Amino acid sequence: MQHENETRICQNCKKDFTIESDDFSFYEKIKVPPPTWCGECRFVRRLAFQNLWNIYWRNCNKCGDKTLSMISPDHRYVVYCPSCWWKDDWDGTENAMEYDPSRSFLEQFKELREKTPYNALSSLYTSLKNSDYSNGLAWCKDCYLIFWADYCDGVYYSSMLNGLKYSADCLRGKNSELCYESIDINKDYQTFFSEECDSCVNVWFSRNLYNCTNCIGCANMRGVSNCIFNIKYSKEDYEQKVKELRLDSWQKLQDVEKQSYEVWLENPYRSYTGNSLNLNVTGDYVYGSRNCKNVYMCDDIENCRWTQFVTVPTAKDCMDYSGWGNSASRIYESVAVGEKADSVYFSSECWPDCLNVEYGSWNIAGKNNFGCANLKRKSYFILNKEYSKEEYERLKAKIIEDMKVNPYIDKLGREFYYGEFFPPELSSFPYNKSNAMRFFPKTKNEALSMGYEWDDTIDKIYEATMKAEALPDTLQETKEDILREIIECMNCGKGYRIVKGELDLLCKMNLPPPHECPKCRENKRFARLKPPKIYKRTCMKCEKEINTSFAPDRPEIVYCVGCYQGEFL
Ligand SMILES: [Zn+2]
Ligand SMILES: [Zn+2]
Ligand SMILES: [Zn+2]
Ligand SMILES: [Zn+2]
């Protein structure tokens, strides 16, 4: 059936949103009704079902041991430590429920969620080595306080990674080594305090560099070496200048940073962050992708809309999908689903090898499951109860029909019918401790008015033994006893430590000890990231209308892709 674009009112924020003709074809193909929430509200709701960055100590509800957990100790959910959760002595069938047609299906699913044991951490525990203090990890070794990462080795305090090695304080780092305080880096070696650098070696305080070596404070350079503040030097002069800059001193680094940012601002930005391999793409932090609309932080995706955080390629034919890829296809309204997942709808944490799963919450290698929670390696299950293939198809069809007339009603009186993601109040995480807060900060009242929970507890504060201002200016002056100190963060005043592996890395890079706590450093990196929002404005060169994540009041010079590539490729 041919559809026109249609404007509707979002059930959540009450603003207008457009469902495009292509979107209708997608919904028809997978036999779901069009959404009643706008794209941004749908995205926020999915993110509210994931918490990677806030971890607590609590006791495992099985073995009783102390475990790090993304679910707070005050929460009503049953939580197993990763070791107990991944053991084969249970599979989720213990809490099987019979469907009761007189009650709303999602109400019964909520009951099931509260009975089945949740995993303390969102990591593939069996693939990790010496990386316990982290969350959202697979195939990592010797990592500490990193979040959302695959295939990493020796990395500290970093997020959203794929193949990063011996690095610290990075955000969105791919296939790079010995990097520090950098954002959106790919195939880099020794890249420090930089952004959007690709295939670079020994680069400091630079942005949008490709294939460059030995550069400091540069912007938009291609295939150059020995440049400082966009000025080219001979090898000898460059080396002399570097000595004068004293990049090993914390004080001097602050000056170089300030000067570098001036160079960044004087030079134009591409309207979005990505590479020239993108074809017909709107969104930001997108690389090597084709035919995608409204996407964010994705690598190698095709025919996707409203898709975010595909940090491990690939994803195909997905809509309203928030991570993380790794050969995912036909995913709709789901978060933290991937690794050969196919046709997974309205689900969170379904991986690996999931097929035809709807309303799944932690289905491991599930095939043909509907409304199951914490279920491992099962097929044809509904509410964690087994059926024959024929019984399953019949009952699933009946439940879908029931859900169309008997909705879940939340505490705000909102109705949730078949064909959309879970109601906010089913989340295990308060809004301010979920990934949603990271990308869409809201006040307590805003969050509560949208049906999310809120956590008022204040983080424990450690008594500091020294002030950050008293830290040595260089690493040469730093002694190992620094590891015993609790340093008072320059920014928030809370105590933090420098850990042994971090000190060893700083030593390798000859960088001074950080003067702010890991949380403040992390928050600052995220604040530098361009948000997953699209604004309409004009190219500052040709005045053509562009879609960009640079808000109209930002100070940067923003060019359309054509004008940017005309000058810098
Ligand atoms: Zn909305
Ligand atoms: Zn346990
Ligand atoms: Zn701090
Ligand atoms: Zn232009």
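1. A working definition to start with: a residue counts as buried if 20 or more other C-beta atoms lie within 10 Å of its own, and as exposed if 12 or fewer do. Please keep in mind that this is a predicted model.

2. With that in hand, have a look at helix α6. Its buried residues are Leu253, Val256, Ser260, Val263 and Trp264. Viewed down the axis of α6, these buried residues fall within an arc of 100 degrees, so they line one face of the helix.

3. The face of α6 turned away from that buried side is worth colouring too: Gln251, Gln254, Asp255, Lys258, Glu262 and Glu266 are the exposed residues it carries.

4. What covers the buried residues of α6? The cover includes two strands, β16 (207–210) and β17 (213–216), together with α5 (235–245).

5. As for the geometry of α6, the helix runs over residues 250–266, which makes 17 residues. From its first C-alpha to its last it reaches 25 Å, close to the 24 Å expected at 1.5 Å a residue.

6. Further along the chain, three strands form an open sheet with mixed pairing, in the order β38-β39-β40. The edge strands, β38 (466–467) and β40 (495–496), each pair on one side only. Between β38 and β39 (residues 487–488) the pairing is parallel, over two bridges; Met466 has Ile487 in β39 as its bridge partner.

7. Finally, the overall layout. The protein is divided into domain 1 (137–270), domain 2 (466–528) and domain 3 (535–568). Taken over C-alpha atoms, the centres of domain 2 and domain 3 are separated by 37 Å.

Methods: Residues numbered from 1 in each chain as written. Chains lettered and ligands numbered in written order. Predicted model: local features only at pLDDT ≥ 70, side-chain atom pairs only at ≥ 80, totals over all residues. Pairing = 2+ DSSP bridges. Helix = DSSP H or I, 4+ residues; strand = E, 2+ residues; numbered from the N terminus. Expected span 1.5 Å × (residues − 1). Arc of directions from axis to C-beta. Contact = placed C-beta atoms within 7 Å. Domains from an automatic or database assignment.
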